[in-house]
Amino acid sequence: MQSKQIKQNKFENLIKFILQPKFTKFIKFSSKISFFACIIIIEYIATSQKSVAISEVFWDKFNHFFAFFVLFILLSLGFGLSNLIKFILLLAFGLQIEIIQHFLPNRYFSGFDIFADFVGIMLGFLFLKAINGKIKNSL
């Protein structure tokens, strides 16, 4: 019982530290820089002419899922956009990658990739919602 109380106090102290104005400004700025860095890296990797082997299909879908999970979190932390706008922007980014890949040799358009992007966005949204609920409950 006492160890649970200690963990709760540590969590509350962490939340209080994170919500300090200086720290939130740092998080927002870092998230913006990280978001644009990720966009550039993802665009480069997605439009390089390297082909993906059939055995790597699962790994490719996981990469799509994870990339868009992270992009949603960074976009949420860095910018004050509505969730609908974030969904539209990220899905448009995923769609443009697939359209470009359609015209590249050794690449192809994949609806499954767009679906993996969507799942990553949705789980990023649910993750942040759960974290926000936990933060509000601890205050």
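**Exercise 1.** In this predicted model, decide how isoleucine 85 stands: buried, partly exposed or exposed?

*Solution.* Take its relative accessible area, which is 39%. Buried needs under 20%, and exposed needs over 50%. Isoleucine 85 is therefore partly exposed. Next, place the residue: isoleucine 85 sits in helix H4, residues 83-102. Then look for its partners. Ile85 joins Leu81, Leu84, Ile88 and Leu89 in a nonpolar surface patch. Together they have about 440 Å² of accessible area.

**Exercise 2.** Check the span of H4 against 1.5 Å a residue.

*Solution.* H4 has 20 residues. The expected span uses one less than the number of residues. That gives 28 Å. The end C-alpha atoms lie 29 Å apart, so the two values agree.

**Exercise 3.** Find which residues of H4 are buried, and where they lie around the axis.

*Solution.* List them: Lys86, Phe87, Leu90, Phe93, Gly94, Ile97, Glu98 and Gln101 are buried. They cover an arc of only 135 degrees, which puts them on the same side of H4. The general rule helps here. An α-helix has 3.6 residues a turn, so residues three or four places apart point the same way.

**Exercise 4.** Describe the largest nonpolar core.

*Solution.* Start with its 18 residues. Phe35, Phe68, Leu71, Leu90 and Phe93 touch the most other members. Helices H2 (21-47), H3 (57-78), H4 and H5 (111-138) each give two or more residues. H3 supplies the largest share, eight residues.

**Exercise 5.** State what is unusual about the phi of asparagine 106.

*Solution.* Recall that most residues other than glycine have a negative phi. Asparagine 106 has a positive phi of about 65 degrees. Asparagine 106 lies in the loop between H4 and H5. With a relative accessible area of 55%, asparagine 106 is exposed.

Methods
Residues numbered from 1 in each chain as written. Predicted model: local features only at pLDDT ≥ 70, side-chain atom pairs only at ≥ 80, totals over all residues. Heavy atoms only, no water. Patch = residues over 30% accessible without salt bridge, like charges linked within 9 Å, V, L, I, M, F, W, Y side chains within 5 Å. Areas by Shrake-Rupley, 256 points an atom, 1.4 Å probe, with all protein chains shown as cover. Salt bridge = Lys/Arg side-chain N within 4 Å of Asp/Glu carboxyl O. Helix = DSSP H or I, 4+ residues; strand = E, 2+ residues; numbered from the N terminus. Buried < 20%, exposed > 50% of the residue type's maximum accessible area, 1.4 Å probe, protein only. Arc of directions from axis to C-beta. Core = buried A, V, L, I, M, F, W, Y, C linked by side-chain atoms within 4.5 Å.
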